[in-house]
Amino acid sequence: MRIADHIAVLDHDGRRMADAAERAGVDTEIPACPGWRIRDLLGHLGGVHRWAASYVTTGRNEPFRRDGLAEFAAPDADDALVGWFREGHRALVDTLASADESVTCWTFLPAPSPLAFWARRQAHETAIHRADAESVTGGVPDWDPEFAADGVDELLNGFVSRPRGRLVADPPRSMAVAATDVDAAWTIMIGPDSRRVDPGADAADLTLTGRANDLYLMLWNRRGADGLDVRGDRAVLDLWRQQARI
């Protein structure tokens, strides 16, 4: 996907999330995020948006220390939260849209450029949290299949395949994932101390097939496997649900 495509989704989903938060009310619990209420979601994502924008605007080349994150914290007053979130979201969208494509700054996953990284990462961060906010009233986002597949790819090749992670299995297990509405498939090899992601749906202990949208939400542990074609050892799916946490 192009940088502009990611920014467009970020723009749309951030506005949809704010709308959903207003409808739900800040004290409403979020079933998909145990222990969180809408205020926690707004505070988290509003801070992340400001944190992400700061790298692009300043060209900072190292991560913030934990004690340097106070400037991104949410206001204490509940009635200011949605407006504060909207302001930070708008600033992030404008920052990414106006940034020079040659900008250099810190990133934490492989990408063609820092701008491509931040646009993609914030688009998917916001999309998944939009799903969290809308789940309160039973809503489920329906993204373009290409974007949903891109989100699966970022999750698997960006996060899951990193050297350190809690998703392990001894003896090794494998899971294949294939979308039915876009040409996208992956096979995840889960070993005792590492993971490997290969392109394509190879023979595996468990194979999941379905719409990219449903796979995206399921792999982010935002929905179950209902409606997907699940073939093989369901214990691998249980392993994913228990250990695949970002």
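**Figure 1. Contacts between distant parts of the protein chain.** In this predicted model, residues 24 or more positions apart account for 66% of the contacts in the protein chain that have a separation of 6 or more. Buried residues make up 49% of the 246 residues. For 246 residues, a compact globule would have a radius of gyration near 18 Å, and the 18 Å found for the protein chain agrees with this. The C-alpha trace spans about 50 × 40 × 35 Å along its principal axes. The protein chain exposes about 11600 Å², of which carbon and sulfur atoms supply 48%. Its 28 positive and 39 negative charges have mean positions 3 Å apart.

**Figure 2. The order of helices and strands.** The protein chain holds seven helices and five strands. Read from the N terminus, the elements follow the order α-α-α-α-α-β-β-β-β-α-β-α. The views below take up individual parts of this order.

**Figure 3. The hairpin of strands 2 and 3.** Strand 2 covers residues 185-190 and strand 3 covers residues 195-199. The two strands run antiparallel and are joined by five bridges. One of the paired positions is Thr187, whose bridge partner in strand 3 is Asp198. Four residues form the hairpin connection from strand 2 to strand 3.

**Figure 4. Ala176 in strand 1.** Ala176 is part of strand 1, and its relative accessibility of 0% places Ala176 among the buried residues. Beyond its neighbours within four places in sequence, Ala176 is in contact with Trp186, Thr187, Ala201, Asp202, Ala204, Leu206, Thr207 and Leu208. One of these contacts, Thr187, is also the bridge partner of Asp198 in the hairpin view. Ala111 lies 65 residues from Ala176 along the chain, and the C-alpha atoms of these two residues are separated by 24 Å.

**Figure 5. Helix 6 and the elements packed against it.** Helix 6 comprises residues 212-219, and eight of its eight residues are buried. These residues are Ala212, Asn213, Asp214, Leu215, Tyr216, Leu217, Met218 and Leu219. An α-helix has 3.6 residues a turn, so residues three or four places apart point the same way. In helix 6, the buried residues pack against both helices and strands. The helices are helix 4 (114-135), helix 5 (145-160) and helix 7 (234-243). The strands are strand 1 (173-179) and strand 4 (206-210).

**Figure 6. Asn221, a residue with a positive phi.** Asn221 comes just after helix 6, in the loop that leads from helix 6 to strand 5 (229-232). Its phi is near 60°, a positive value in a residue other than glycine. Most residues other than glycine have a negative phi. Asn221 counts as buried because its relative accessibility is 18%, while the cut-off for a buried residue is under 20%.

**Figure 7. The cis peptide bond before Pro171.** Pro171 is placed in the loop between helix 5 and strand 1. The peptide bond from Asp170 to Pro171 is cis, and its omega is near 10°. Most peptide bonds are trans.

**Figure 8. Val103 in the loop between helix 3 and helix 4.** Val103 belongs to the loop between helix 3 (81-98) and helix 4. With a relative accessible area of 15%, Val103 is buried. Apart from its neighbours within four places in sequence, Val103 is in contact with Val56, Pro114 and Leu115. Val103 and Ser113 are ten residues apart along the chain, and their C-alpha atoms are separated by 8.1 Å.

**Figure 9. Asn61 in the loop between helix 2 and helix 3.** Asn61 lies in the loop between helix 2 (38-58) and helix 3. Its relative accessibility of 63% means that Asn61 counts as exposed, as the cut-off for an exposed residue is over 50%. Leaving aside its neighbours within four places in sequence, Asn61 is in contact with Cys105 and Trp106. From Asn61 to Leu109 the separation is 48 residues in sequence and 14 Å in space, taken from C-alpha to C-alpha.

Definitions and conventions
Residues are numbered from 1 along each chain as its sequence is written. This is a predicted model: local features need pLDDT of at least 70, side-chain atom pairs count only at pLDDT 80 or more; totals for chains, interfaces and linings use all residues. Side-chain values use heavy atoms; hydrogens and water are left out. The radius of gyration is taken over C-alpha atoms; the globule rule is 2.2 Å times the number of residues to the power 0.38. Buried means under 20% relative accessible area, exposed over 50%, partly exposed in between (1.4 Å probe, protein chains only). Contact means heavy atoms within 4.5 Å. Accessible areas come from the Shrake-Rupley method with a 1.4 Å probe; for residues, only the protein chains shown count as cover. Lys and Arg count as positive and Asp and Glu as negative; His and the chain ends are not counted. The place of a charge is taken as NZ of Lys, CZ of Arg, CG of Asp or CD of Glu. Two strands pair if DSSP finds at least two bridges between them.
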